[in-house]
Amino acid sequence: MSERVSLQEALIYVMVMVSASDSSMTDKELHSIGELIKTLPVFRSFDPERLVPVAQDCGERLQAENGMSETFALIANSVPPGYADTAYALAVEIAVADVTVAQEELRMLQMLRDTLGLDKLTVAAIERGAQARFRTGA
C-alpha cells in the first residue's frame, strides 16, 4: 500500500515545493501560504499550529535520496482527483506571490500538473485567473 498524508498536508507540500523550488522561500510566499491556510475552506479542519511541522516534514522528504520524485508520488496518492485543480491553484498562487515566476517554479508547476493529470484547459483557466488577480496597476 502506498504512503499517504492528509489532503491538507499534501496541499501544504505542494505550496512548499513551489516556494522552495528556486532555492529561496520569500516572505511574500510564506505569507501567502499562511493566509491561504487561514482563509480557504479546504483548510477549515487543519490546525494552523501544524503548518511549520508539516512544512519541515516536506523539506526533510525533499532532502532524501529520490526525495522530489517520492514527494510527488506521495502527493499523487494523497490528493483525490476532485482536488487536483485545488492543488494546482494553490501552487500557482505561491508561484505568483512575489510577482515574478522563476524558471524553476515554472518547471515545478509543469511537473505538478503532470503528476496530478490535469488537462490543458483547466491549467490555462487557473493560470489566467492568477494572472488577473496579481496584475499590478498601470
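## Ile12, at the heart of things

Ile12 counts as buried because its relative accessibility is 0%, under the 20% cut-off. In this predicted model, the residue sits in helix α1. Leave out everything up to four places away in sequence, and Ile12 still touches Ile37, Phe43, Phe46, Leu51, Val54 and Ala55.

There's a long-range pairing to look at too: Ile12 and Ala91 are 79 residues apart along the chain, yet their C-alpha atoms are separated by 9.3 Å.

## The core around it

So who else shares the inside of this protein? Which residues have the most contacts inside the largest nonpolar core? Ile12 is one of them, together with Met15 and Phe43, in a core of 42 residues. Two or more residues come from each of α1 (7-20), α2 (27-39), α3, α4, α5 (84-96), α6 (103-116) and α7 (120-133). The top contributor is α1, which gives 10 residues.

## How α1 meets α3

Now for a pair of helices worth rotating on screen. The axes of α1 and α3 come within 9 Å and cross at roughly 65°, and the crossing is right-handed. On the α1 side, the residues involved are Glu9, Ile12, Tyr13, Val16 and Met17. Facing them from α3 are Leu51, Val54, Ala55, Asp57, Cys58, Arg61 and Leu62.

What is the make-up of this contact, in nonpolar, polar and charged residues? The tally is 9 nonpolar, no polar and 3 charged.

## Leu51, the partner in α3

Leu51 is found in helix α3 and turns up in the list of residues that Ile12 touches. Is Leu51 buried or exposed? Its relative accessibility is 18%, which is under 20%, so Leu51 counts as buried.

With neighbours within four places in sequence set aside, Leu51 is in contact with Ile12, Ile33, Gly34, Ile37 and Phe46. Ile12, Ile37 and Phe46 are familiar from above: Ile37 and Phe46 are also among the residues touched by Ile12. For a long-distance reference point, take Ala130: Leu51 and Ala130 are 79 residues apart in sequence and 23 Å apart in space, C-alpha to C-alpha.

## Leu90, from further along the chain

Over in helix α5, Leu90 has a relative accessibility of 3%; that is under 20%, so it counts as buried. Which residues is Leu90 in contact with, once neighbours within four places in sequence are left aside? They are Leu11, Met15, Leu36, Leu40 and Phe43. Two of these names, Met15 and Phe43, belong to the residues with the most contacts inside the largest nonpolar core.

Ser32 gives another view of how the chain folds back on itself in space: it lies 58 residues from Leu90 in sequence, while the two C-alpha atoms are 9.6 Å apart.

## Out towards the solvent

Not everything is tucked away. Lys38 is found in helix α2 and counts as exposed, because its relative accessibility of 60% is over 50%. Its C-alpha atom and that of Leu74, 36 residues away along the chain, are separated by 24 Å.

Asn66 is the odd one to check in the backbone. It has a positive phi of about 60° although it is not a glycine, and its place is the loop between α3 (51-63) and α4 (67-78). Why does Asn66 count as partly exposed? Its relative accessibility is 48%, which falls between the 20% and 50% cut-offs.

## The whole chain

Stepping back, the protein chain has 7 helices and 0 strands, so the pattern along the sequence reads α-α-α-α-α-α-α. The radius of gyration is 14 Å, close to the 14 Å that the globule rule gives for 138 residues, so the chain is as compact as a globular protein of that length. Taken along the principal axes, the C-alpha atoms fill a box of roughly 50 × 35 × 30 Å.

What percentage of the 138 residues count as buried? The figure is 41%. As for the contacts with a separation of 6 or more, residues 24 or more positions apart account for 79% of them.

Definitions and conventions
Residues are numbered from 1 along each chain as its sequence is written. This is a predicted model: local features need pLDDT of at least 70, side-chain atom pairs count only at pLDDT 80 or more; totals for chains, interfaces and linings use all residues. Side-chain values use heavy atoms; hydrogens and water are left out. Helices (H or I, at least four residues) and strands (E, at least two) are DSSP runs, numbered from the N terminus. Buried means under 20% relative accessible area, exposed over 50%, partly exposed in between (1.4 Å probe, protein chains only). A nonpolar core is a set of buried Ala, Val, Leu, Ile, Met, Phe, Trp, Tyr and Cys residues joined through side-chain atoms within 4.5 Å. Contact means heavy atoms within 4.5 Å. Axes are lines fitted to C-alpha atoms, for helices over the stretch in contact, and angles run from 0 to 180 degrees between N-to-C directions. A crossing is left-handed if the near helix is turned anticlockwise from the far one by less than a right angle, and right-handed if clockwise. Ala, Val, Leu, Ile, Met, Phe, Trp, Tyr, Cys and Pro count as nonpolar, Asp, Glu, Lys and Arg as charged, and the others, Gly among them, as polar. The radius of gyration is taken over C-alpha atoms; the globule rule is 2.2 Å times the number of residues to the power 0.38.
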